[in-house]
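Here are some notes for a colleague who is opening this entry and would like a guided reading of it. Please keep the sequence and the structure in view while going through the points.

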Amino acid sequence: MVKPKVLITGASKGLGLAMAKKLSKDYTLILHASKDESIREFREGNYLLTADLANPEELKEFCKKLKTEHGEDLYGVINNAGIALDKPLLFQPEKDIEKMMAVNLKAPIIISKTAMKIFGLKNKGVIINVSSCVAETGNAFQSVYAATKAGLIAFSKSLAKEAAALYQDHQIRVLSISPGFIQTPMTDAIPESEKEKYLRMIPAQRFGKADEIAETIAFLLSDKAPYINGSNIDINGGLF
Ligand SMILES: NC(=O)c1ccc[n+]([C@@H]2O[C@H](COP(=O)([O-])OP(=O)(O)OC[C@H]3O[C@@H](n4cnc5c(N)ncnc54)[C@H](OP(=O)(O)O)[C@@H]3O)[C@@H](O)[C@H]2O)c1
């Protein structure tokens, strides 16, 4: 049987890599990162489709290839790639603001647009956007990052409603997840003193593991979750 295809953006490391590991049994993966060399695992039997999501031309080409090369079997899109360029807003260069907006918010929107065209033809498909707990709590020195992530939640809820407005008897779902503090290369970069501060705020008394996010993604993607739609799922050990 042909395995349905799932695109994972940012699949080279961290959460995206854990998702690739978890999903590789049941799906054919379209693995994305900023460049081919970034992707070192799960290449065999899967596809590579890379692009710098901050570059509009590369994003356009990426979406074109997603539709023409993978449209037929595409079942799922996980918009996971993201960047956090933490700084007080007062000192945040405009180019950093633009980059976070482009990678964290604009790219998932444009990729979702392509996915909706594909899913609309077969009335089936799932989009999961990776937001963040800071979208709901706010966080000092992450105001722009948090804004992009909050945008993803509103976008997902609206697009879920839009699918219902456009398609009859459809099985198209759009969701977001909001991880808390999960151990990945992104959070490894945070100073130890900051990490201790976060740890004191987490009722589970530990940081999350990338596998725990991947487990939730696998469930949300599957036909075990047909009634979870438009939702934002918090996976944060109680951090609020
Ligand atoms: N870790 C956490 O605690 C946490 C919490 C909440 C939300 N999140 C969100 O979860 C997602 C994954 O986070 P992570 O911790 O796994 O991050 P990570 O380890 O830093 O990995 C980021 C991924 O995004 C890709 N990426 C970054 N900039 C890109 C660009 N300009 N174009 C294309 N790809 C780009 C990277 O590809 P390259 O390897 O090619 O650079 C990499 O695959 C992000 O959206 C993040 O905001 C993470």
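The numbered points below take up the sheet, then the helices beside it, and then the ligand and its surroundings.

1. Please bear in mind throughout that this is a predicted model. Its open sheet has seven strands with parallel pairing, and their order across the sheet is E3-E2-E1-E4-E5-E6-E7. Strand E3, residues 47-48, and strand E7, residues 232-235, stand at the edges, and because each has a single partner strand, one side of each is left without a neighbour in the sheet.

2. At the E3 edge, strand E2, which covers residues 28-31, runs parallel to E3 and is joined to it by two bridges. The residue in E3 that serves as bridge partner of Ile30 is Tyr47.

3. Helix H2, residues 56-70, packs on the sheet, where it touches E1 (5-8), E2, E3 and E4 (74-79), and its direction makes about 165° with that of E1. Helix H3, residues 94-122, lies across E1, E4, E5 (124-130) and E6 (171-179), and runs at about 165° to E4.

4. Turning to the ligand, which residues are the closest to it? Among the 33 residues that surround the ligand, the closest are Ser12, Ser34, Asn80, Tyr145 and Thr184. By class, this shell has 16 nonpolar, 13 polar and four charged residues.

5. Several polar atoms face the ligand: an N or O atom in the side chain of Thr184 is 2.5 Å from a ligand oxygen atom, and a polar side-chain atom of Ser38 lies 2.7 Å from an oxygen atom of the ligand. With Leu53 it is a polar backbone atom that is involved, 2.9 Å from a nitrogen atom of the ligand. The ligand taken alone exposes 890 Å², of which the protein buries 92%.

6. The elements that give two or more residues to the shell around the ligand are helices H1 (14-23), H5 (143-166) and H6 (185-188). The largest share, three residues, comes from H6.

Key: Residues numbered from 1 in each chain as written. Predicted model: local features only at pLDDT ≥ 70, side-chain atom pairs only at ≥ 80, totals over all residues. Heavy atoms only, no water. Pairing = 2+ DSSP bridges. Helix = DSSP H or I, 4+ residues; strand = E, 2+ residues; numbered from the N terminus. Contact = heavy atoms within 4.5 Å. Axes fitted to C-alpha atoms, helices over the stretch in contact; angles between N-to-C directions. Near = heavy atom within 4 Å. Polar contact = N/O pair within 3.5 Å; in protein donor to acceptor, adjacent residues only side chain to side chain. Areas by Shrake-Rupley, 256 points an atom, 1.4 Å probe, with all protein chains shown as cover. Nonpolar A, V, L, I, M, F, W, Y, C, P; charged D, E, K, R; others polar.
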